[in-house]
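Thanks for asking me to look over this one with you. My notes follow as numbered points, so you can check each against the viewer as you read.

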Amino acid sequence: MFHKINDVMPLPDYRLSVRFSEGCTKIYDVKPLFDKIPSFAELKDGNRFEDVYVDVGGHGIAWNDRIDLSCEELWSNGVLEV
């Protein structure tokens, strides 16, 4: 199932608040990706992490052409905000 992303907001400690079209919001922790995927370590520099945006169509989020996450990754590994 496709979980369209409506909005993304950077949070402290390299977490994201991701609002989906179903009306729920999930919190996704980006920190584990810093060691797994070298390009994600760039997000620790300056305010680069805060430059996150929703891709056209809501299929994912991105910071630039090399650093992005799919809606399925965010849905499957995000924690439902209470």
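How many helices and how many strands are there in the protein?

1. **Overall make-up.** Please keep in mind throughout that this is a predicted model. The protein has 2 helices and 7 strands. Going along the sequence, these elements come in the pattern β-β-β-α-β-β-β-α-β. The radius of gyration is 12 Å, close to the 12 Å that the globule rule gives for 82 residues, so the protein is as compact as a globular protein of that length.

2. **Dimensions and surface.** If you want a box for the C-alpha atoms, roughly 35 × 25 × 20 Å along the principal axes will hold them. The exposed surface of the protein comes to about 4900 Å², and carbon and sulfur atoms supply 51% of it. Of the 82 residues, 37% are buried. As for contacts between residues at least 6 apart in sequence, 45% of them join residues at least 24 apart.

3. **The sheet.** In which order do the strands of the open sheet run? The order is β1-β2-β3-β7, with 4 strands and antiparallel pairing. β1 and β7 (79-80) are the edge strands, since each of them pairs on one side only. As a reminder, strands of a sheet pair through backbone hydrogen bonds, either parallel or antiparallel.

4. **β2 against β3.** These two strands run antiparallel and are joined by 5 bridges. Two pairs are handy for checking the register: R19 has T25 of β3 as its bridge partner, and V18 has K26 of β3. The hairpin of β2 and β3 has 4 residues between the strands, and there G23 takes a positive phi near 100°. You may like to look at G23 on a Ramachandran plot, given that positive phi.

5. **β3 against β7.** Here the pairing is again described as antiparallel, over 2 bridges. K26 has L80 of β7 as its bridge partner, and K26 is also the bridge partner of V18. Is β3 mostly covered or mostly open? β3 is mostly covered, with 4 of its 5 residues buried.

6. **S17 in its surroundings.** S17 has its place in strand β2. Is S17 buried or exposed? S17 is buried, at a relative accessible area of 12%, where the cut-off for buried is under 20%. Leaving aside residues up to four places away in sequence, S17 touches D7, V8, M9, L11, T25, K26, I27 and E81. T25 and K26 in that list come up in the register as well, T25 as the bridge partner of R19 and K26 as that of V18.

7. **Salt bridges around K31.** How many salt bridges does the structure hold? There are 4 of them. One joins the side chains of K31 and D13, at 3.2 Å from N to O. K31 lies in the loop between β3 (25-29) and α1 (33-36), while D13 lies in the loop between β1 (5-11) and β2 (15-20), so the pair ties together parts that are 18 residues apart in sequence. K31 also forms a salt bridge with D29, where the closest N and O atoms are 2.9 Å apart. D13, D29 and K31 are thus linked in a network of salt bridges. Two members of this network are partly exposed: K31 has a relative accessible area of 28%, and D29 has one of 33%.

8. **The R66 to E42 pair.** Another salt bridge joins R66 and E42, with the closest N and O atoms 2.5 Å apart. R66 lies in the loop between β5 (60-62) and β6 (68-70) and E42 in the loop between α1 and β4 (53-54), so this pair ties together parts that are 24 residues apart in sequence. Which of the labels buried, partly exposed and exposed applies to R66? R66 is exposed, at a relative accessible area of 52%, whereas E42 counts as partly exposed at 21% relative accessibility. Both values sit by the cut-offs of over 50% for exposed and under 20% for buried, so please read the labels together with the percentages.

Methods:
Residues are numbered from 1 along each chain as its sequence is written. This is a predicted model: local features need pLDDT of at least 70, side-chain atom pairs count only at pLDDT 80 or more; totals for chains, interfaces and linings use all residues. Side-chain values use heavy atoms; hydrogens and water are left out. Buried means under 20% relative accessible area, exposed over 50%, partly exposed in between (1.4 Å probe, protein chains only). Two strands pair if DSSP finds at least two bridges between them. The radius of gyration is taken over C-alpha atoms; the globule rule is 2.2 Å times the number of residues to the power 0.38. Contact means heavy atoms within 4.5 Å. Accessible areas come from the Shrake-Rupley method with a 1.4 Å probe; for residues, only the protein chains shown count as cover.
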